[in-house]
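Let's take a walk through a protein model together. Keep the 3D view open and turn it as you read.

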Amino acid sequence: MILIFLGPPGSGKGTQAKRLSAEHGWPHLSTGDMLRTAISIGSRVGLEAKSFIDQGALVPDSVVINLIAERISTMDCAHGFILDGFPRNIAQAHALDAMLGSRGRSIGRVVLFEITEPFLIKRLSGRRTCSGCNTMYHIEASPPKREEVCDLCGKALIHRSDDQPEVIHKRLEIYSKETEPLAGFYRIEGKLQSIDATLSPLEVSQQLSILLAEERSEL
Ligand code: AMP
């Protein structure tokens with residue numbers, strides 16, 4: 001199944017996508033992770049993306065559309081994948097429809113992670129991300145066993161430059177202006193379902209399992 005996780009930064013999309021990916025074998029395609037990897041290896045895409053990410057702005061559409069087009073052509077995406085952080089505006093949504101259509105494929109379900117701003121600010125400002133495997137922690141809600149070290153791969157945890165308070169506000173502003181309209185776009189197509197992302201990760205994952213079970217029984 002092809003799933004899109006739609007929601008503001010900090011709404012828990014990445015955490016849930018990783019869990020579902022491990023459970024079903026659908027690759028988790030996070031454009032944010034792809035861009036951060038590109039920056040860390042110093043590739044051309046990374047150099048192009050860095051200043052946009054640091055400011056909390058969107059990276060140009062052509063860059064992320066090419067990344068996704070390349071990634072979904074690989075064999076491991078043949079039975080489905082989870083998109084996290086893409087599409088982020090209407091132009092990217094149209095590009096996605098075109099690339100899937102040309103391969104005889106289509107989106108199965110779009111899941112909207114609904115959450116309010118005070119929750120997001122608390123989550124993002126306490127968030128720490130593993131510099132090696134991108135696992136997320138929260139200094140209060142889900143701290144690592146050893147301070148600032150990833151439980152899974154032992155690499156250092158970082159406080160992302162775009163998770164700093166002034167950049168968080170810019171990212172949330174861009175989300176409401178550019179990305180939130182996608183909810184209406186996919187609702188009209190009959191693909192949208194919402195979940196309450198203010199709940200705990202376990203409760204959100206239970207909601208997702210119910211939603212996917214319903215989806216499969218309709219197929
Ligand atoms: P994320 O990890 O999804 O919060 O993404 C981090 C940053 O990467 C965003 O603030 C953007 O600068 C950039 N980014 C990720 N995905 C996209 C996208 N689909 N379109 C444009 N920029 C993106």
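We'll start with a helix, move on to two single residues, and end at a pocket. Keep in mind that this is a predicted model.

First stop: helix α8, which covers residues 181–188. Click on Leu182, Ala183, Phe185 and Tyr186, and you'll be looking at buried residues of this helix. Now look straight down the axis of α8: the buried residues fall within an arc of 160 degrees, so they line one face of the helix. There's a handy bit of background here. An α-helix has 3.6 residues a turn, so residues three or four places apart point the same way.

What sits on top of that buried face? The cover over the buried residues of α8 includes the strands β1 (2–6), β4 (109–114) and β8 (192–196), along with the helices α5 (90–101) and α7 (165–179). Just after α8 ends, have a look at Gly190, where phi is positive, at about 75 degrees.

Let's hop over to Ile90, which belongs to helix α5. Leaving aside neighbours within four places in sequence, Ile90 is in contact with Pro181, Leu182 and Phe185. Two of those names should ring a bell: Leu182 and Phe185 are among the buried residues of α8. Is Ile90 itself buried or exposed? Neither, quite: its relative accessibility is 31%, so Ile90 counts as partly exposed. Ile90 and Glu178 are 88 residues apart along the chain, yet their C-alpha atoms are separated by 7.6 Å.

Next, find Ser11 in the loop between β1 and α1 (13–24). Ser11 has a relative accessibility of 3%, and buried means under 20%, so this residue counts as buried. Which backbone atom does its side chain reach? The side chain of Ser11 gets to the backbone oxygen of Pro8, at 2.7 Å. If you skip residues up to four places away in sequence, Ser11 touches Phe113, Ile115, Leu120, Arg123 and Ala197.

Last stop: the second largest pocket, which holds about 350 Å³ of space. Its lining has 18 residues, and those nearest its centre are Arg36, Ile39, Ser40, Ile158 and Arg160. The elements giving two or more residues to this lining are α2 (31–41), α3 (44–55) and β5 (127–130), and α2 gives the most, with 5 residues. What kinds of residues make up the lining? You'll find 8 polar, 6 charged and 4 nonpolar ones.

Note on methods: Residues numbered from 1 in each chain as written. Predicted model: local features only at pLDDT ≥ 70, side-chain atom pairs only at ≥ 80, totals over all residues. Heavy atoms only, no water. Buried < 20%, exposed > 50% of the residue type's maximum accessible area, 1.4 Å probe, protein only. Helix = DSSP H or I, 4+ residues; strand = E, 2+ residues; numbered from the N terminus. Arc of directions from axis to C-beta. Contact = heavy atoms within 4.5 Å. 1 Å grid on protein atoms, 1.4 Å probe; cavity = no way out; pocket = protein on both sides within 12 Å on 5 of 7 lines; lining within 4 Å. Points joined across faces, edges and corners; volume = space filled by probe spheres on them. Nonpolar A, V, L, I, M, F, W, Y, C, P; charged D, E, K, R; others polar. Polar contact = N/O pair within 3.5 Å; in protein donor to acceptor, adjacent residues only side chain to side chain.
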